[in-house]
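Please describe the surroundings of the ligand in this structure, and then the cavities enclosed in the protein.

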Amino acid sequence: MLRYDMGEGELRNWVIGEDSFNVRYLAKYEAIMSLGNGYMGVRACTEESYPQETRNCFVAGTFNRSGASEVTELPNIADVTELGIWLDGEGFHLEKGNIEEYSRTLNLQTAELNRRVIWRNDRGNRFEMVFRRFVSLHNKHLLGMRAELTPCTAAAEISIRSGINGQVTNSGAQHFAEGDKRIYDKKMIQYAAATTESNIHVVTHCHHRCLVDDAEVAAEPRLSIERRKVSLEYTFQVEAGQTLVFEKIANIHTSLDLEHRQQEAAKLCEVSLDELRLEATKGYGELLQDSAKAWREKWAALDIKIKGMQEFDQLAIRFAQYHLVIMAPAHDNRFGIAAKGLTGEGYKGHSFWDTEIFIQPYFLFTDPGMARNLVEYRYHTLDGARRKAKENGYRGAMYPWESALTGDEVTPEWGPVDVVTGTPTRIWTGLIEQHITSDVAYGVWQYYLATGDQLFMDTKGYEIIMETATFWASRLTWNDARKCFEIKDVIGPDEYKEHVDNNAYTNYMAHWNLQTAIACYEKLQHAPSGMWIQLRNRLQLDKAYEEWQQKAENIYLPRPRETDLVIPQDDTYLGKKLIDLTKYRNQQEVALILEDYNMDQVNDIQVSKQADVMVLLYLLEHYFSYEVKQANWRYYEPKTLHDSSLSMATHSILASDLGEPELAYRLFGLAAGIDLGRNMKSSDQGIHTASIGGIWKCVVFGFGGVRAPGGQLRIQPRLPEAWDSLSFPLYWQGDLLKIDITHDAVQVAKLTDLNASLRLSIDGQNYSLESKESITVSLNTGKR
Ligand code: BGC
């Protein structure tokens, strides 16, 4: 069973764990207990192999296309985590014999995975086995493993087969050509292979060390080189009560790494071999300490404290922050964050609007350097977005719905089964889910507001905002009857409505995009710099500006209906049929409705997959009154199945905004439970990175009430009853703040003094904080 209470003392609320073994739930634990550092991600597969496992290791950015009918995806890298273990000649695995004790924990503080098993074989011999593993935060290329095997009742012959296995695929798709294989000194293995299409060289090494009762033993392993696989097999006679320790240290380098870009493949092998030779001398313990120290430093800067009745909440925010660290490629701004991070094959390692709307806010307010990487990633992919616009007959930059390395569209065309026709369902999002383009611009603008990074804007940010505005200007079509510009044939955030006209979210965000470009243009005209003049000429912005103005003034923005203040989600939603959704609202697994109806049928029902109008109300909050927000919540939420993990967090934040902290708290619990909850099938394909970002947003934006709509920081806390206090760090315009909130008061301390004074609003009043000052404001509780 998944446990939240396995951390004791200092480690209370720092540990997630399981206390029994069940092969049916392997995938869940593999995903939520994944290790990583933003460079690589390794699923928490057990050392011994099971047919039900999905053994994955990904390295950020190494995209490859395995065939003409496939889209590019993050390939599964050669595996180092599997250990074949034989005890007295019998292969060890937990589906036979008898498990006497079992526990597995992920310590979020040190990021070490630890499994302890006491197992009795069919002959009655007991063994105690401890398996430990980490991926280093100190050296991004490094992974360490340690197995401690003790025969308890009788001496035993223990054999361990360990190596590098390049036979892995992505659900059958092969991404690597056969590699070069070599064994050095009967200790060290090298496996070097290149991706089949993108020609990225990936070099993996591993090093072994064996000890009995703490003394290193010389071992004579059997060497084996097979097809795409190299391994060493060690055999030891171990007395009862003696412990055999087997350490395996591995590293991965690729030709994509910034430090290796100019190197030949042979040099890459040499450099990484030298690195591992050096690192391996430190042994598992020291290498783990290096990594744990890096984690401790991270936590010291990030720690959020929630005091209250439900300790799970504290664990949940730490779990979210742990995954936010391991999903983020802090080392390289060419790579995005994938919908499943580096924890599974789901969504093929592609990035979505999840990044800007759900994940980036976390980094903006806690690690602005990483937020900069994310906006720079979108700059690296701007040319791909330009290509997509051109291919589709538009101008400017049309960002891909699913994005990999280049910004070209990589959404697959075909998806899961259509229950009516029995054929795969056509996926339209890559063609017509176009709001991603304004979401990217929105992300850039939020980055600017929160950091004031003028250099980024001058060199990259303005270009993104203006090119995306130009896309919208070319995308709009004139409706003579309505006398306005429309956006026809799109999918909005609610993917249960395909080929709709004037999705409210899409239209408003396009309008916002055009207006923001207009405002930037006007500001830059007043104080022209050399860079601006160049950009203006290169993109012919004087002409574009006129077009933006004309289009922005006349774009159709669906207004709240006079009768009930409901904003039509699109031109036809409110006229579609209503059905009883109870069965689907009470479902255990998501998307149950698609087992009863196909997409064409779902299209005709007033049912939403996820927050749609709600996201609009939250992102452009100043456009809409409290009454409009409330009316739309009442209308749309009961029709929403929350079949996307993105939905719950948005609803929780809006509930906070609507002054309903208890509802917000209930929804926060559901959002936190998407990966960390006891639905043992929810994360098989990988964790949900947007939902993980959403957990932080519920806490800081929802209950903490932090927002900065027009560029001024606002704090309007609304703690739920279950919490006594909440405190968190927050970066704003380069300064670090510490916010402490109780039901009665909020304290804001300015810990740095980059800016002489900071203007902000707390509970509706304006304040100015001078250098390293702290202010406490009593809360007017019960106020809306
Ligand atoms: C959701 C999208 C999301 C994608 C990746 C889909 O199921 O509907 O909004 O971007 O998953 O997380």
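Around the ligand, with a heavy atom within 4 Å of it, stand A339, Y347, F352, W353, D354, W401, E495, K609, Q610, S644 and L646. This is a predicted model, in which local features need pLDDT of at least 70 and side-chain atom pairs count only at pLDDT 80 or more, while totals for chains, interfaces and linings use all residues. Residues are numbered from 1 along each chain as its sequence is written, and side-chain values use heavy atoms, with hydrogens and water left out.

By class, the shell around the ligand has six nonpolar, two polar and three charged residues. The table gives polar contacts, meaning pairs of N or O atoms within 3.5 Å.

| Side chain | Distance to a ligand oxygen atom |
|---|---|
| Y347 | 3.0 Å |
| W353 | 3.0 Å |
| D354 | 2.5 Å |

Taken alone, the ligand exposes 310 Å², of which the protein buries 93%; these accessible areas come from the Shrake-Rupley method with a 1.4 Å probe.

The structure also holds seven cavities of 30 Å³ or more, a cavity being a set of points on a 1 Å grid over the protein atoms alone where a 1.4 Å probe fits but cannot get out, with lining residues having an atom within 4 Å of a point. The largest cavity has a volume of about 90 Å³, and among its 17 lining residues A60, G336, I337, A338 and L342 lie nearest its centre. Its lining has 11 nonpolar, six polar and no charged residues.

The second largest cavity, with a volume of about 70 Å³, is lined by residues including N76, F176, Y191 and T204.

Technical notes: 1 Å grid on protein atoms, 1.4 Å probe; cavity = no way out; pocket = protein on both sides within 12 Å on 5 of 7 lines; lining within 4 Å. Points joined across faces, edges and corners; volume = space filled by probe spheres on them. Nonpolar A, V, L, I, M, F, W, Y, C, P; charged D, E, K, R; others polar. Polar contact = N/O pair within 3.5 Å; in protein donor to acceptor, adjacent residues only side chain to side chain.
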